Amino acid sequence: MIRPFRRWTASLAVTAAATLAASLLSAPAEARDTTAAGAAGASATAAEPEGPEQIRNGTFDDGVTTPWWHTANIAFDAADGRLCADIPGGTINPWDVIIGQDDIPLVQDETYAFAFSGAADPSRVVRALVQLPVDPYTAYLAANPQLTPETTSHSFTFTSPVSLPNGQVVFQLGGSATPWRFCVDDISLRGGAEPEEYEPDTGPRVRVNQVAYLPKGPKDATVVTDAEAALPWQLKNAGGTVVASGTSTPRGLDASSGQNVHSIDFGSYTTAGTGYTLTADGETSRPFDISPAAYQTLRTDALKFYYTQRSGVAIRDDLRPGYGRPAGHVGVAPNQGDTDVPCQPGVCDYRLDVSGGWYDAGDHGKYVVNGGISVAQLMSEFERTKNAATAAPLGDGMLALPESGNGVPDILDEARWEQEFLLKMQVPAGKPYAGMAHHKIHDQNWTGLPLMPHLDPQKRELHPVSTAATLNLAATAAQAARLYAPYDAAFAAANLSAARRAWAAAKANPAILASPSDATGGGAYNDDNVADEFYWAAAELFITTGEREFKDYVLASPQHTADIFGERGFDWGSVAALGRLDLATVPNDLPGRADVRASVVEGADAYLAAVEAHPYGTPYNPAQYDWGSNNLVLNMMVVMASAYDITGTPKYRNGVLEGIGYIFGRNALNQSYVTGYGEVASRNQHSRWYANQLDPALPNPPAGTLAGGPNSFLQDPTAAEKLQGCRPQFCYIDDIESWSTNELTINWNSPLAWISAFVAGQGDGTARAAGRCDVTYTTHGQWPSGFTTQVTIKNTGTTAINGWSLVWSFLGGQKTEAPWNVSLSQSGATVTAKNLSHNARIQPGSSITFGFNGKGGVGANPAPDLITLNGAACA
Ligand code: 9MR
């Protein structure tokens, strides 16, 4: 995976309908053209106000065009130190062709001078606007200067009737029957207040996990101080009584924050309670709990996030009070999709119904590669409940979904919403590239904020197929085939067939890469290395089917043995870890599986060492933080948690419990990155419909929404303006306009959900009890319609077992029948075996044996990794 950094994304483009509304509704404050060269015959008086310059890059001196954006029907360049574009003929309205700049602050009652020099060849009248960036696009200045082949200067003054952080300057250039060329230079908007220097409020210098520590888990904090020597600290309960004290450990200068810091370990204090504070160096931390309770709600909130991201269906206010909204993109005007979507011109000659799925993020786009990792992580969160000793059940009814009560675990209902969309993105049989998946579907042009999904008037388009998207489909469909088999055999079979078709198509087209420049109206999600996607898909297909072709591919792939747990974790573009983790944690018969499991533990060792080395306890410590750094932190914790599931060794679990502190407030900004969790938390994530910061009538993101997190590359204008020179941990701002540091996405909430379920499963943090049983589970015969299995339980403890209940899960759709020496019941893939009266008692050192016939299951039928006896895991 190699991804470009420093990409400026044009976040907005006005729409024809909305701009029409603006031009009808609004009257400019003043639009007097004081044209220097006299093209319009006006006087050459210079415009009045002399305030600070509000336009960024108005002179194009460096030959760069950022942060200017344009509609998709033109290209522009600044090669000769001014901005020029060939404007096509044949458009109808002025707003059919636009060049603009966003995020221009306007201050109410301030007077501004807007000026530029421009040329049109042949001559044209253009529209120059300073306006509200969203419907109703109110114009505060609307001018119609005439431009000629000879460059002329134009200036205008107006008084802003509003204060706005995100005003917009646009040149509307459409409406000409014939083509012409437009050039502009020295664009200036002077006036208003000097932009305030941004200084984050980081509160007290003692930094804690503001959400909660587990009573029996590790408890670490960080204090920012000039002191070189150890400092005394005190832990106080809600009543202010000191309940523990000690001294800090000086940690020196932390490069990720530029701060001199000490760490504090108060893990020996284990009493549950709320409202604790930690005091050191004269500063008192924000309050926190010592309790597992918050993680019980977070594990559901982090998953509930997905229902409100759903496209193609009305969000019910009774299920999410305050978040109900009409169905988005179901073909009801002004929406144009997604029930009958064409391809981009020249890409295909058919249309697809690609309605449904989740919106990717704060935009209305839907992208297969990002949907892929998201749905995979949700499915893996569920699959973990079948295979991990400390996973709490994820049942039906826990997420308040429309599907709640249907007998299927809610997390699978939610994941299915996306998986069904991914299946729809596959090219139908008989068409070119049949079996491949379209990379993405999104608006033709970027839309502005706020914009409810059902109000998006943009044309929706399918973009070309890609090998990466196709392999995402193969991997998730293969995983879905085994997980949904107990609940819906037809859906499982459809997934397996789609996965096989996708795999074959990807093998036949192994290098169709998404273009990095395909980023108008939606993200590019380009990835020029798909070896990891091939590996992930082969791993899932092998786990589900057990078939030779996939086993051979996995074993031959260099990805299988490569060190894939690097210092930047993994994410949507580097997915080998998804395959490796599933091969390690989901039962399968791969030769050398012990080495696969060992490789995960080795990766976890490196992350654990990084947690311990970092004074803020994060495993993520590159010199520069990436876009979505919080999801990288959380994915590293998935590796540590998996090592705990594999080994049962408490240090890996403790690494996770310490590492989450960084996400929940033990960081340089002293804030939690999860809405609704922690005393001070992100709440203005970039989103077109949770845009409360721009429109108080709209909500903030729901509780349990993760923010992208610090991004050293400052890839949006707000970050670039406010965070220049930031140390990595400071490269974040809780501002809705900062999409490169503060967006929300489906693939960032998925590791949050996974990890909060892991933490919730740890109860109060007491290390899990070792079982006193040794179980052998042997499938003696396997034939097309069934199998026969024998199970022996040996009591390895020192006292008699008197009555037993043994629990394990099948990989897929297997069902038990014809038991002997045992009473069996099954829910989904999970079987509970109970003793009969004659074999209830097992003496120390003795064994009992029972068996059953089974049927069903379309593929592999491995022995389970996890069998519990009376609640404790057997060896
Ligand atoms: O998460 C993506 C990040 O890894 C990329 O560096 C970045 C630039 O291509 O794009 C991010 O994804 C955004 C996508 O392009 C559009 N939807 C919102 C995504 C999150 O910001």
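Biologist: Which residues does His-439 touch, not counting those up to four places away in sequence?
Modeller: In this predicted model, His-439 sits in the loop between β26 (437–438) and β27 (440–443). Beyond four places in sequence, His-439 touches Tyr-367, Val-368, Val-369, Met-425, His-463, Pro-464, Val-465, Ser-466, Ala-469, Ala-514, Ala-524 and Tyr-525.

Biologist: Is His-439 buried or exposed?
Modeller: The cut-off for buried is under 20% relative accessible area. His-439 has 4% relative accessibility, so His-439 counts as buried.

Biologist: Which residues touch the most other members of the largest nonpolar core?
Modeller: The largest nonpolar core has 154 residues. Its largest share, 12 residues, comes from helix α11 (residues 629–647). Apart from this core lies another of 37 residues, among them Phe-76, Tyr-112, Val-130 and Phe-158. In the largest core, the residues that touch the most other members are Tyr-295 and Ile-755.

Biologist: What is Tyr-295 in contact with, leaving aside neighbours within four places in sequence?
Modeller: Tyr-295 is one of the two residues that touch the most other members of the largest core. Its contacts outside that sequence window are Asn-209, Val-211, Ala-212, Leu-214, Ile-660, Phe-664, Ser-756, Val-759 and Ala-760.

Biologist: At what angle do α11 and helix α15 (residues 746–760) pack?
Modeller: Residues of α11 in the contact include Leu-634, Val-638 and Ala-641, and those of α15 include Trp-748, Ile-755 and Phe-758. By class, the contact has 11 nonpolar, 4 polar and 1 charged residues. The crossing is left-handed. The axes are 9 Å apart, and the packing angle is about 35 degrees.

Biologist: Why is helix α9 (residues 576–585) described as largely enclosed, and which elements do its buried residues pack against?
Modeller: In α9, 10 of the 10 residues are buried, so the helix is largely enclosed by the rest of the structure. The buried residues include the charged-class side chains Arg-580 and Asp-582. The buried residues of α9 pack against α3 (368–387), α5 (467–483), α7 (531–545), α8 (548–556), α10 (593–613) and α11.

Biologist: Which strands stand at the edges of the sheet of 5 strands?
Modeller: This open sheet has the order β2-β3-β12-β5-β10, with antiparallel pairing. Within the sheet, β5 (residues 111–121) and β12 (residues 180–191) pair over 9 bridges, and Ala-115 has Ser-188 of β12 as its bridge partner. Two strands have a single partner each, so one side of each is left without a neighbour in the sheet: β2 (76–77) and β10 (152–159).

Biologist: In the sheet of order β30-β31-β38-β34, what is the bridge partner of Glu-817 in β38?
Modeller: The 4 strands form an open antiparallel sheet, with neighbouring strands turned by 25 degrees against each other on average, direction ignored. β30 (773–783) and β34 (815–820) each have a single partner strand, so these two stand with one side lacking a neighbour in the sheet. Between β34 and strand β38 (residues 847–855) there are 5 bridges. The partner of Glu-817 is Asn-853.

Biologist: Which residue in the turn between β18 and β19 has a positive phi?
Modeller: Strand β18 (residues 249–254) and strand β19 (residues 259–265) are antiparallel and share 5 bridges, and Asp-254 has Gln-259 as its bridge partner. The two strands form a hairpin with 4 residues between them. The residue with a positive phi, about 75 degrees, is Gly-258.

Terms used: Residues are numbered from 1 along each chain as its sequence is written. This is a predicted model: local features need pLDDT of at least 70, side-chain atom pairs count only at pLDDT 80 or more; totals for chains, interfaces and linings use all residues. Side-chain values use heavy atoms; hydrogens and water are left out. A nonpolar core is a set of buried Ala, Val, Leu, Ile, Met, Phe, Trp, Tyr and Cys residues joined through side-chain atoms within 4.5 Å. Buried means under 20% relative accessible area, exposed over 50%, partly exposed in between (1.4 Å probe, protein chains only). Contact means heavy atoms within 4.5 Å. Two strands pair if DSSP finds at least two bridges between them. Axes are lines fitted to C-alpha atoms, for helices over the stretch in contact, and angles run from 0 to 180 degrees between N-to-C directions. A crossing is left-handed if the near helix is turned anticlockwise from the far one by less than a right angle, and right-handed if clockwise.
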